[in-house]
Number of protein chains: 6
Amino acid sequence: MEALISRAKVLIEALPYIKEFWGRTVVVKYGGAAMTNEVIKQEILQDIVLMKFVGMNPVIVHGGGHEITRAMEQMGKKTEFAQGRRITDLETMGIIEMVLVGKLNQEIVAGLNRHGGRAVGLSGKDGGLLTARKAVIPGVDLGFVGEVLEVHAEIINTLDREKFIPVIAPVGVDHEGHTYNINADDVAAAIALTLRADKLVLLTNVAGIMRDSQKPETLIPTLKVQEMEDMIGQGTIQGGMLPKVRACERALNGGVRKTHIIDGRVSHALLLEIFTDQGIGTEMIKGGKS
Amino acid sequence: MEALISRAKVLIEALPYIKEFWGRTVVVKYGGAAMTNEVIKQEILQDIVLMKFVGMNPVIVHGGGHEITRAMEQMGKKTEFAQGRRITDLETMGIIEMVLVGKLNQEIVAGLNRHGGRAVGLSGKDGGLLTARKAVIPGVDLGFVGEVLEVHAEIINTLDREKFIPVIAPVGVDHEGHTYNINADDVAAAIALTLRADKLVLLTNVAGIMRDSQKPETLIPTLKVQEMEDMIGQGTIQGGMLPKVRACERALNGGVRKTHIIDGRVSHALLLEIFTDQGIGTEMIKGGKS
Amino acid sequence: MEALISRAKVLIEALPYIKEFWGRTVVVKYGGAAMTNEVIKQEILQDIVLMKFVGMNPVIVHGGGHEITRAMEQMGKKTEFAQGRRITDLETMGIIEMVLVGKLNQEIVAGLNRHGGRAVGLSGKDGGLLTARKAVIPGVDLGFVGEVLEVHAEIINTLDREKFIPVIAPVGVDHEGHTYNINADDVAAAIALTLRADKLVLLTNVAGIMRDSQKPETLIPTLKVQEMEDMIGQGTIQGGMLPKVRACERALNGGVRKTHIIDGRVSHALLLEIFTDQGIGTEMIKGGKS
Amino acid sequence: MEALISRAKVLIEALPYIKEFWGRTVVVKYGGAAMTNEVIKQEILQDIVLMKFVGMNPVIVHGGGHEITRAMEQMGKKTEFAQGRRITDLETMGIIEMVLVGKLNQEIVAGLNRHGGRAVGLSGKDGGLLTARKAVIPGVDLGFVGEVLEVHAEIINTLDREKFIPVIAPVGVDHEGHTYNINADDVAAAIALTLRADKLVLLTNVAGIMRDSQKPETLIPTLKVQEMEDMIGQGTIQGGMLPKVRACERALNGGVRKTHIIDGRVSHALLLEIFTDQGIGTEMIKGGKS
Amino acid sequence: MEALISRAKVLIEALPYIKEFWGRTVVVKYGGAAMTNEVIKQEILQDIVLMKFVGMNPVIVHGGGHEITRAMEQMGKKTEFAQGRRITDLETMGIIEMVLVGKLNQEIVAGLNRHGGRAVGLSGKDGGLLTARKAVIPGVDLGFVGEVLEVHAEIINTLDREKFIPVIAPVGVDHEGHTYNINADDVAAAIALTLRADKLVLLTNVAGIMRDSQKPETLIPTLKVQEMEDMIGQGTIQGGMLPKVRACERALNGGVRKTHIIDGRVSHALLLEIFTDQGIGTEMIKGGKS
Amino acid sequence: MEALISRAKVLIEALPYIKEFWGRTVVVKYGGAAMTNEVIKQEILQDIVLMKFVGMNPVIVHGGGHEITRAMEQMGKKTEFAQGRRITDLETMGIIEMVLVGKLNQEIVAGLNRHGGRAVGLSGKDGGLLTARKAVIPGVDLGFVGEVLEVHAEIINTLDREKFIPVIAPVGVDHEGHTYNINADDVAAAIALTLRADKLVLLTNVAGIMRDSQKPETLIPTLKVQEMEDMIGQGTIQGGMLPKVRACERALNGGVRKTHIIDGRVSHALLLEIFTDQGIGTEMIKGGKS
């Protein structure tokens, strides 16, 4: 009985967080280890279903990295990169779309449903959700790599209102009908901004933003946008973290209240972020240096 | 971090129960130790607010016992009982109503609000909720002791729909406008029946229904209506427990799916009942002997 | 037949007023003789029910005066006053709440229901309606005497929309959970202001505002706020009338269109105010001296 | 003041009737003296607007008699009758339609609006309200005299819901597109039946149904359908009254609760019928001889 | 089969126009040849029904010209004109109203219904749609010739929302209750403006606005308001066309996007205007000379 | 101008069909030549968008045939068939899902959007639309070839209501979470049945059901279920047509009004079926031999 009561107490301790986030929209960029490690994956999916049932509106945007490369290999197609981004010819784009929309997206949808949610998979084509344009990068033609031009969120609002969980693959079309692969962090930020979400959470494979990326104890719990600029200037934030913090910055400027870069390798990372006072990882908010 | 993760796991273990009860109505008769012990009281109120936030529609009916006697004494009025029930003259009824509606009901409302709920206190007069008639008992005139004649649940539905928690004092009026004190278990059963509630939970000061009331280990986890009849016939169920099982029986016959007689002296008794597989106390369901 | 026809004509003469007030909110402070004289009381309750049925949204706020003192005496508790206001210790506050919420409020609710309305009693605790703070008066600690800090009118709007008549007892809670007794005129004004009511009507035991309170023939039918200031400066408005006109002034400044101080000792005073061109008592409106 | 109070009392005496008829549909056949006498006409229009404002849904069907004959004469067209009904050739039908729809209907609409209602005139063509068929009478071709074949009440419900008062001219079209003049009593009965109205009221130029039509004191206040049959058999009900009682009978059989044949020459006849216990004229209800 | 396929292709070619106008309001002034030529009339009515079914909200305002004169003659009443406008005494106004509301309006309603629409005829009296005032013209009293003072469009919106087609006769009432005949072009413009219609289309008996009214080849497809002013200054636009372009100008200034003066003598003129790129007749839009 | 008018006439000729199908649900099984021939494909997509804009609710279910085989080959995977059905191991199922959901479904969605529709792609996993079970065929294990067990149409209704066009890939999950490929005709029939669609249209590569499949002139325009049974008995209906007529039969028995097997190789086959009296292909309806 004592064990049961202590479990009840944990539920009660969650009450203030449930109240705080009731009715709020949380956009989650789902990727990295949280997607490839089967145990972690099930935990994150459970987290999302729980969020939905206690009154939040989670909106999921997923990436695809490893699976795409694997499928390319399977089809005997070599992957080339330029400036760290995949050169995407028409055939590659076709494979990417099949993997993102026809495999990964459906796995997430099925997983959420299995845990009791009612998920609906969307690509940027569905309901005209994402209009894209070709990403222009000096000195190289990346092919069908795109940027978000517009978000038409009506389909998301429709699904939310009817208690479905939208799961979005980062694929868009331009005005001529060409399909583009878009960075999932950017899609998540653009959607969070359009929905005026309360939170944007990026699941990554690191603990968060650290003053010294080799020393976990230098993790920065809360970072203001102005401080971020300094750290970029000093080269403390660099590499793969750079586009992530820029995505967060855009979301914050567009009205999202808080953004979070958290460690997707941790069990139930989403719940920990939302249901504990200190959260996990790094929270980015607007404002100057304190 | 481990501690946090294990807390997240407790939340996740609640998910199947949250799903099961999402949108369901649970009528709770709140009384006894759960009302007089301040620690237990706050726990029960937290339980109710949590139930509301995770999607259930709790409806609270409270009793008053000790407080009424205490107020009577304070006013220098002697309490008389006949066949275990309070003889209620007009002045006594006035005191009862003031204590139930003006004191206890408001304390529960304020407590639920303090824990983040939005409660609204009701008597049977509000919105014409309870029509009563005089309880007729052979050989004695109990005065303004009444029975439920009709329930007009529109006010409850209105409040539920707008996310308020209804808290009901067991006072009714008859067609001539006389006010009656009604047994709170009976009111809870009548309301559960009218609302076609999923559950009726009676908080009591005992562990549940026991084969031998002196031996807690003889607690009966699940009891079918037909078995109950046998136990009444054999005198195993008697005294104060008798009207409680009869109230449950009426609710079950009227379409309530399950009724529970649980131990209000246990911490978070309501959550334990709802969020654990075995529940606590005795569950009564329809059906014959197995 | 002639008698019947002349009655029909009276109904028809009411038509322009019914049209004018259709869909409008009228907040009524109910107290004084209209509450203690049983005949007058029934008439006022009838008036309110009629207002509801012909399309208005009456919202009732009641006081308690005499009954509280009587209950205090009954419980052998002495009432002390300072600067005309009751010194309210914790025990006194308990008695006041029981009388206001558990007795008077319920009597009004039952009365309105008996005349065919569907009333719902509320205290400031229900639905978090009234947040209070301690009234600070130089040189004396009045105890649990409070002022309105905030009005959360959602519960009133919910009830109005569903055709219930809200009846409000002037009791509030502060952010620490302490209960306060608040002046009913002030509560009525604060609620009228929050609802942007069309009218605030204060039922009193005088004919209205008079230039010479001894001479009924000096009754002022219409008073502008600026004139009121002059009369206060000259001492013509003083004593118990002073807080009433101040309450009216606040309501007018907050957007209530008209306020009325009328004679609750007159039969059907509310209907007379609303359904006759000249109205009764004194109407206060915004604006300077004419 | 006394006079005012006695007027307030009249309003209060109306309260039980207002409650009883709140939300009910009352179909009124408006014709005869109530239409030709300007004073009576204004009174009846006021009655209808009042009914609307106190929560009823009056639906008006009007006739045309005298005006049609007058317009015919003005156009130098002779009116011929067969078996008491106007022989209606195509040209006559055109004149009838212009007078009913373009003159009388608009006068009633304008009158209701002037008294503060929001009336909308309809013919049986508007919204496809009335489908007609040619009335077949042995031995004579009446031309474009029709019967109600179907009622499509959607337009009435739409207007009611939006607080408009529908005013209907008794003109219908058959499936070939021919326009027919229909008896207004029959139209009123058919609409009352389709709407499952609470009341059908026929305004006539007589006091009601009398045992001896020369002796007003033989007026029958309440008549059951079975008794009516007997009176028809005995010839007591005959002539112009016959189709009226048959229309009432059809309405009663179709689910209308009460039908009334009342004296439209009396001031405020409609209010008298609805707001007095005895009503006026003759009430017809279902059932056999008592 | 080929013939069928080519028909399907025509439908498909309409798709871009259907999309463009889906949900848009188009006010049509219906008059002239389109009203008197039976073949053209049926075509225009079909056009309107089709517009409704493919998602537009057509609102029809009709005139009456010839029919009124004919009816006047039939009643032996001489028509007098002053400055090209009919001098309208009370009796004339009665005739006009009967013809417009009781004959022409009903014919259009019946015609639309026969083609499968659900039309509802309205005069400016219905639902208080049009408030008028007497048109003041120096040197002559035209009698009951009026101008639009206010439009209360609620009845139109109600009907639109419920999929009815409103058909409006240009008759209004002033605040004293006098009925006025109003120019139908002006009524159409005022209603288009109030509804913020997408289009106002005036059906006329000319091809549109021409630089030389004798030479159809000088038809101006698109005219900006500023150019219109020049053409009026030069006398190119004059006579009966003048009030039409002024009506268009007012509509454009009030927020209507486009206005069209088209040739009602052409088969399916409305569809041609809406479903072809070039449209027909003259389109007037805001803006200066290009 | 003449050409334009004749085009307007074609639109008008469509009006009766538009009226007939307004608000009706039409489930279209899209496959075969209509999917592989790019010209035909665009025509069918236009047909569907037009259907949506003129008020129908088209629901699209697509197959995949050729593309799946091609993708299998590309991945160096051999396709094996048993009894005419593809033996589907886990890897094959993965490829099928990617092709159906990630390629073909998205192409249809993008195509509909390009023609102005707002399409949303769904698999049977989205919103829990299709629950499957393993298809059991004596003597062979087909692997992940499934049958429809249940349809949960809420997501379709949600999308319809918000004016989106649902496009469904025939993939389902069983209660253990395994993914199955399901015959698209069967999915279309099951969905039509659940939605109580007005029509089920199967696009095929033949002209319809023929008495002699070599002689197009023996096409049967209308076939009753009972006649179908006879033709199956006689071997006239056999092979690939057999499951199609069985799917139609199930739909008819479940309440679908009409089913159609039409020639998807014909331009605008869908519009021809809906917008011409004779339709194309074979219409199957309930009932016995005539």
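In this predicted model, 100% of the interface residues of chain A are also interface residues in chain F, so the two copies meet through the same surface. The contact draws 29 residues from chain A and 29 residues from chain F. On the side of chain A that touches chain F, the elements contributing two or more residues are α5 (90–114), β5 (119–123) and α6 (154–161) of chain A. Of these, α5(A) supplies the largest share, with 13 residues. In chemical character, the residues on this side of chain A comprise eleven nonpolar, eleven polar and seven charged.

The relation between the two chains was examined by superposition. Two copies of a chain are related by a rotation about an axis and a shift along it. For chain A and chain F, the superposing operation is a rotation of 180° with 0.0 Å of shift along its axis, and the RMSD is 0.0 Å. Within chain A, the C-alpha nearest this axis belongs to Gly102(A), at 1.9 Å from it.

A second pair of copies was treated in the same manner. Chain D is superposed on chain E by a rotation of 180°, with a shift of 0.0 Å along the axis and an RMSD of 0.0 Å. This is the relation of a two-fold axis. The C-alpha of Gly102(D) is the one in chain D nearest the axis, lying 1.8 Å from it. The same surface serves both copies here, since 100% of the contact residues of chain D recur in chain E.

The overall form of the subunit is described for chain A. Its secondary structure amounts to ten helices and 14 strands. For 290 residues, a compact globule would have a radius of gyration near 19 Å, and the value of 19 Å for chain A agrees with this. Taken along the principal axes, the C-alpha atoms of chain A fill a box of roughly 60 × 45 × 35 Å. Of the 290 residues of chain A, 55% count as buried. Among the contacts in chain A with a separation of 6 or more, 73% are made by residues 24 or more positions apart.

The sheet architecture is described for chain F. Eight strands of chain F form an open sheet of mixed pairing, in the order β5-β8-β2-β1-β11-β13-β14-β12. The edges are occupied by β5 (119–123) and β12 (222–224) of chain F; each has a single partner strand, so one side of each is left without a neighbour in the sheet. From one strand to the next, the twist averages 20°. Within the sheet, strand β11 (residues 199–204) of chain F runs parallel to strand β13 (residues 258–263) of chain F, and six bridges join them. In this pairing, Leu202(F) stands opposite Ile261(F) of β13(F). Helix α8 (residues 225–233) of chain F lies across β12 and β14 (282–285) of chain F, and its direction makes an angle of about 85° with β12(F).

Strand β11 was also examined in chain D. Six of the six residues of β11 (residues 199–204) of chain D are buried, so the strand is largely enclosed by the rest of the structure. In a regular strand the side chains alternate between the two faces of the sheet. Both faces of β11(D) are covered, with Lys199(D), Val201(D) and Leu203(D) buried on one side and Leu200(D), Leu202(D) and Thr204(D) buried on the other. Strand β1 (residues 25–30) of chain D pairs with β11(D) in the parallel sense over four bridges, and Val26(D) has Lys199(D) as its bridge partner in β11(D). Six bridges join β11(D) to strand β13 (residues 258–263) of chain D, also in the parallel sense. Lys199(D) stands opposite Lys258(D) of β13(D).

A further covered strand was examined in chain C. Both faces of β10 (residues 179–182) of chain C are covered: Thr179(C) and Asn181(C) are buried on one side, and Tyr180(C) and Ile182(C) on the other. Strand β7 (residues 145–151) of chain C and β10(C) pair in the parallel sense over two bridges, with Ile182(C) as the bridge partner of Gly146(C). By antiparallel pairing, three bridges join strand β9 (residues 171–173) of chain C to β10(C), and Gly172(C) stands opposite Tyr180(C). The hairpin of β9(C) and β10(C) has five residues between the strands, and Gly177(C) in this hairpin takes a positive phi near 95°.

Note on methods. Residues are numbered from 1 along each chain as its sequence is written. Chains are lettered from A and ligands numbered from 1 in the order in which they are written. This is a predicted model: local features need pLDDT of at least 70, side-chain atom pairs count only at pLDDT 80 or more; totals for chains, interfaces and linings use all residues. Copies are superposed by least squares on the C-alpha atoms of residues with pLDDT of at least 70 in both. Two residues are in contact if their C-beta atoms, placed from the backbone, lie within 7 Å. A residue is buried if 20 or more other C-beta atoms lie within 10 Å of its own, exposed if 12 or fewer, and partly exposed in between; C-beta atoms are placed from the backbone. Two strands pair if DSSP finds at least two bridges between them. Ala, Val, Leu, Ile, Met, Phe, Trp, Tyr, Cys and Pro count as nonpolar, Asp, Glu, Lys and Arg as charged, and the others, Gly among them, as polar. The radius of gyration is taken over C-alpha atoms; the globule rule is 2.2 Å times the number of residues to the power 0.38. Axes are lines fitted to C-alpha atoms, for helices over the stretch in contact, and angles run from 0 to 180 degrees between N-to-C directions.
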